[in-house]
Amino acid sequence: MTDPFWGNPYKNTGSEGKGLLPILRKIPIFEQLSEKELKKVETICYERHFNKDEEIFKEGAPGVGMFIIKEGAVKIARGQKELAQLSEGDFFGEVALLDESPRTATAVAPEKATLLGIFRPDLLDLVKRDPWAGSKILLKLSELMGKRLRAANEKLKDVL
Amino acid sequence: MSWQKLIPLFAAAGVILGTFYLLKDLLTPFILSVFLAYLLSPVVDFMERRGFSRAMSIAFLYLGFAATLGVGGFFLKGPVMSQVKGLTENMPEYTKRAKDMGQQMQKKLSFLGSLQGSGDKSATMDMAKYAGKAAGFVSSKILSLFAAIPTMILVPFITMFFLKDGRAIKKFAIGFVPNRYFEMALTLLYEVDQGIGRYIRGQLMDSVAVGALYTIGLFLAHIKYAFILGPLAGIFNLIPMFGPLIGAVPAMIVTAVSTNNFLMPWAWIAIITLIVQLIDNVVTGPLIVGQSVDMHPLVIIFSLLVGAQVMGLLGMLIAIPAATAIKVTFLVGRNRLRDYEIV
């Protein structure tokens with residue numbers, strides 16, 4: 001990765017971009033995007049590094065964006081109850097791309113992890129610059145929300 | 001609420017602001033470029049939406065500007081250059097005239113009987129001195145605009161980089177923020193960007209409209225140096241509340257020293273100022289600027305004074321965007337710090 005102090009941030013070493021396109025392509029939200037559109041999504045990704053046991057976000061905090069696990073693992077928990085253990089290639093927190101509602105669970109890195117963050121302000125900017133790519137992303141997000149809602153309904157049916 | 005946790009943030013903010021203050025003279029072309037980039041960004045975004053790459057969109061924009069300047073320069077070069085030449089050549093004579101007028105005014109007002117100068121100097125000399133200083137001040141400010149031509153050549157280049165790489169620069173800068181504050185900082189940056197972007201675009205477009213109207217009005221009224229004084233009034237219009245009044249002053253001073261009978265031109269300048277401000281407040285202002293600055297007038301006045309103290313005229317121009325940024329930072333930051341349980 002380009003050293004932020006001594007490196008030239010405008011030189012395209014590709015070191016930060018390397019490996020991002022294959023990762024993004026596997027995310028269902030971006031599966032309908034062309035190569036050119038995917039490169040635009042790549043420009044709004046932030047690579048964030050988390051230490052062992054560092055909190056990524058807390059339950060109740062305003063949600064601003066989603067994360068994709070590039071390296072490492074993430075544990076999702078509500079209170080003391082562990083809801084999911086995610087690994088490389090998984091994504092979480094995508095609801096925050098649609099609204100600022102509080103996070104419904106806490107995400108912690110049980111080991112050192114590198115995550116790609118995509119945040120709502122940048123997504124809105126992308127929608128403004130490239131409405132067609134933005135629409136594709138928002139449509140897939142809505143499909144994903146619909147799937148999750150149906151799964152939750154089925155679960156509720158079983159319980160009731 | 002544990003505000004001690006914010007000490008490192010305040011310290012960092014203090015270091016950044018201190019650095020900006022120390023480098024304020026070097027920052028002038030960058031500040032002007034940021035203003036221009038905010039103004040031109042929607043145009044570039046529009047072309048990007050039509051399928052052009054960002055670089056191509058910026059190239060088209062600059063070509064369009066060059067063509068407009070070329071055509072405009074072809075038609076206006078003669079009148080503008082002759083006015084500039086006339087003003088610069090006649091400035092020493094105008095300064096002398098201002099002093100003479102000061103003396104004459106002092107004689108006429110001497111019946112008031114209370115205009116004694118300080119110490120051994122007579123009041124006559126004081127009035128002449130101040131009139132001469134006023135004329136000299138206005139002329140130096142007008143001439144300094146032309147001395148800033150190298151800066152004006154630098155500004156389009158810097159603007160081009162801000163337009164092309166502004167997002168990458170923001171992303172690079174915010175990458176330094178620790179994880180704990182990252183989402184909050186991102187949201188804050190977005191809201192500040194939206195707030196001051198709207199204000200700068202609105203104000204700049206409004207000032208262009210006011211400058212154009214003023215120039216046309218002065219030209220039609222046969223006021224000397226209309227092509228210099230009109231755009232100058234447009235620039236001063238960027239200053240909220242006082243800008244329109246300040247904008248009329250150079251016109252009045254220059255007219256007073258460049259014509260023998262200045263009462264009629266002054267009347268015209270006053271009428272033109274009133275008409276332009278009426279059009280601005282009723283038509284162009286609401287259409288272009290939309291909402292007025294959402295700040296108490298005392299806050300606006302204080303910001304303008306601080307801006308003037310720190311960076312002179314440029315400081316007054318950026319005072320309100322800076323105050324808006326501080327206000328949004330405070331309001332959004334306070335809520336976010338609670339939401340993220342940082343304090």
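Reader: In what order do the elements of chain B run from the N terminus on?

Author: A good place to begin, and please keep in mind that this is a predicted model. From the N terminus on, chain B reads α-α-α-α-α-α-α-α-α-α. That gives 10 helices and 0 strands in chain B.

Reader: How much of chain B is buried?

Author: Of its 343 residues, 39% are buried. On the outside, chain B exposes about 19500 Å², and carbon and sulfur atoms supply 73% of that area. You can also look at how the chain meets itself: among contacts in chain B between residues at least 6 apart in sequence, 71% join residues at least 24 apart.

Reader: Could you walk me through single residues inside chain B? Where is B:Ser33 found, and is it buried or exposed?

Author: Find helix 2 of chain B, where B:Ser33 sits. Its relative accessibility is 0%, so B:Ser33 counts as buried. Next, follow the side chain of B:Ser33, which reaches the backbone oxygen of B:Pro29 at 2.7 Å. Leaving out residues up to four places away in sequence, B:Ser33 touches B:Val155, B:Ile158, B:Thr159 and B:Phe162.

Reader: And which residues does B:Asp193 touch?

Author: With residues up to four places away in sequence left out, B:Asp193 touches B:Tyr38 and B:Lys170. You will find B:Asp193 in helix 6 of chain B. Buried means under 20% relative accessible area, and B:Asp193 has 18% relative accessibility, so it counts as buried.

Reader: Now the surface. Which residues make the nonpolar surface patch of about 730 Å²?

Author: The patch is made by B:Met264, B:Trp268, B:Ile271, B:Ile275, B:Leu278, B:Ile279, B:Val282 and B:Val283. Take B:Leu278 as your example: it lies in helix 9 of chain B, residues 263–289. Its relative accessible area is 56%, so B:Leu278 is exposed.

Reader: Let's turn to the two chains together. How is the size of an interface often given?

Author: The usual figure is the accessible area that is lost when the parts come together. Here chain B and chain A bury about 2300 Å² between them, with 54% of it on carbon and sulfur atoms. Three residues, B:Lys171, B:Asn179 and B:Glu183, supply 27% of the area that chain B buries against chain A, more than any other three residues. Counting contacts instead, 25 residues of chain B meet 30 residues of chain A.

Reader: How many salt bridges are there between chain B and chain A?

Author: The count is 4 salt bridges. One to find on screen joins A:Arg129 and B:Glu48, whose closest N and O atoms are 3.8 Å apart. On the chain B side, helix 2 (24–49), helix 5 (149–174), helix 6 (179–220) and helix 10 (297–339) each supply at least two residues that touch chain A. Across this interface there are also 10 residue pairs in polar contact.

Reader: What can I say about helix 3 of chain A, residues 120–129?

Author: In that helix, 7 of the 10 residues are buried, so helix 3 is largely enclosed by the rest of the structure. The buried ones are A:Arg120, A:Pro121, A:Asp122, A:Leu123, A:Asp125, A:Leu126 and A:Arg129. You have already met A:Arg129, the partner of B:Glu48 in a salt bridge.

Reader: I also like to check backbone angles. What sign of phi do most residues other than glycine have?

Author: Most of them have a negative phi. Against that background, look at A:Asp53, which has a positive phi of about 65 degrees although it is not a glycine. A:Asp53 is in the loop between strand 1 (45–50) and strand 2 (54–57) of chain A. With a relative accessible area of 53%, A:Asp53 is exposed.

Reader: What is the phi of B:His222?

Author: B:His222 has a positive phi of about 55 degrees, and it is not a glycine either. Look for B:His222 in the loop between helix 6 and helix 7 (226–236) of chain B. B:His222 is exposed, at 71% relative accessible area.

Reader: One last stop in chain A: where is A:Lys39 found?

Author: A:Lys39 is in helix 2 of chain A, residues 35–43. Its relative accessible area is 46%, so A:Lys39 is partly exposed. The C-alpha atoms of A:Lys39 and A:Leu20 are separated by 9.1 Å, with the two residues 19 apart along the chain.

How values were computed: Residues numbered from 1 in each chain as written. Chains lettered and ligands numbered in written order. Predicted model: local features only at pLDDT ≥ 70, side-chain atom pairs only at ≥ 80, totals over all residues. Heavy atoms only, no water. Patch = residues over 30% accessible without salt bridge, like charges linked within 9 Å, V, L, I, M, F, W, Y side chains within 5 Å. Areas by Shrake-Rupley, 256 points an atom, 1.4 Å probe, with all protein chains shown as cover. Salt bridge = Lys/Arg side-chain N within 4 Å of Asp/Glu carboxyl O. Helix = DSSP H or I, 4+ residues; strand = E, 2+ residues; numbered from the N terminus. Buried < 20%, exposed > 50% of the residue type's maximum accessible area, 1.4 Å probe, protein only. Contact = heavy atoms within 4.5 Å. Buried area = accessible area lost by both parts, 1.4 Å probe. Polar contact = N/O pair within 3.5 Å; in protein donor to acceptor, adjacent residues only side chain to side chain.
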